[in-house]
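Reader: Hey, got a minute to walk me through this one? I'd like to start with what your words mean.

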Amino acid sequence: MALKITSECINCDVCEPVCPNQAIRVGTDIYVIDPLRCTECVGHFDEPQCRLVCPVDCIPNDPLYPESKEELLKKQARLCD
């Protein structure tokens, strides 16, 4: 399941550089996560790095993009090609 950044985001800029898939970018008002690139860091780390560094805990799972670990691994492999 891809992650999303909620409106509680304070634009602190700590999540974007830690994303191994370049899935996080500056949006209109807050940072946004591209669900086509987000793998929850599966294939890179044991847990999502953006969540580890977020000081306001505003990065939940995005229920619009349910994916199994196997699907996330396939997405990660595709992104690395």
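Author: Sure. Buried means under 20% relative accessible area, exposed means over 50%, and partly exposed is in between, with a 1.4 Å probe and protein chains only. By that rule Val32 is partly exposed, at a relative accessible area of 28%.

Reader: Anything I should know about the model itself?

Author: This is a predicted model, where local features need pLDDT of at least 70 and side-chain atom pairs count only at pLDDT 80 or more, while totals for chains, interfaces and linings use all residues. Residues are numbered from 1 along each chain as its sequence is written, and side-chain values use heavy atoms, with hydrogens and water left out.

Reader: OK, back to Val32. Where is Val32 found?

Author: Val32 is in strand β2, residues 31-33. Strands (E, at least two residues) and helices (H or I, at least four) are DSSP runs, numbered from the N terminus.

Reader: And what does Val32 touch?

Author: Leaving out residues up to four places away in sequence, Val32 touches Ile5, Ala23, Ile24, Arg25 and Gly27. Contact here means heavy atoms within 4.5 Å. As for Cys19, Val32 is 13 residues from it in sequence and 12 Å from it in space, C-alpha to C-alpha.

Reader: Switching to cysteines. How many disulfides does the structure hold?

Author: Zero. A disulfide would be a pair of cysteine sulfur atoms within 2.5 Å. Cys41 is in no disulfide, and its nearest cysteine sulfur, that of Cys19, is 6.0 Å away.

Reader: Why is there no bond between Cys50 and Cys41?

Author: Because the sulfur of Cys50 is 6.1 Å from its closest cysteine sulfur, the one in Cys41, and that is too far for a bond.

Reader: Are those two buried or exposed?

Author: Cys41 is buried, with a relative accessible area of 7%. Cys50 is buried as well, at 7% relative accessibility.

Reader: New topic, holes. How many cavities of 30 Å³ or more are there?

Author: The count comes to two. A cavity is a set of points, on a 1 Å grid over the protein atoms alone, where a 1.4 Å probe fits but cannot get out, and lining residues have an atom within 4 Å of a point. Grid points are joined across faces, edges and corners, and a volume is the space filled by probe spheres set on the points.

Reader: What's the volume of the largest cavity, and which residues are closest to its centre?

Author: The largest cavity has a volume of about 90 Å³. It is lined by 15 residues, and the closest to its centre are Leu3, Cys19, Cys38, Cys41 and Cys50. The lining splits into 11 nonpolar, three polar and one charged. In that split, Ala, Val, Leu, Ile, Met, Phe, Trp, Tyr, Cys and Pro count as nonpolar, Asp, Glu, Lys and Arg as charged, and the others, Gly among them, as polar.

Reader: And the second largest cavity, what lines that?

Author: Its volume is about 60 Å³, and the residues lining it include Ile5, Cys9, Asp13, Tyr31, Val56 and Cys58. That lining has 11 nonpolar residues, no polar ones and one charged.

Reader: Where is Val56 found?

Author: Val56 is in the loop between α1 (49-53) and α2 (69-80). Val56 is partly exposed, at 32% relative accessibility, and touches Glu8, Cys9 and Ile10, not counting residues up to four places away in sequence.

Reader: What about Asp13, what's its phi?

Author: Asp13 has a positive phi of about 70° although it is not a glycine. Most residues other than glycine have a negative phi. Asn11 also has a positive phi, about 55°. Asn11 is found in the segment before β1, and so is Asp13.

Reader: Last one. What does the side chain of Thr39 make a polar contact with?

Author: With the side chain of Asn21, at 2.8 Å. A polar contact is a pair of N or O atoms within 3.5 Å; within protein, one must be able to donate a hydrogen and the other to accept it, and residues adjacent in sequence count only if both atoms are side-chain atoms. Thr39 lies in the loop between β2 and α1 and is buried, at 0% relative accessibility.

Reader: And Asn21, buried or exposed?

Author: Buried, since Asn21 has 4% relative accessibility. The side chain of Asn21 also makes a polar contact with the side chain of His44, at 3.2 Å.

Definitions and conventions:
On a 1 Å grid over the protein atoms alone, a cavity is a set of points where a 1.4 Å probe fits but cannot get out, and a pocket is an open set with protein on both sides within 12 Å along at least five of seven lines; lining residues have an atom within 4 Å of a point.
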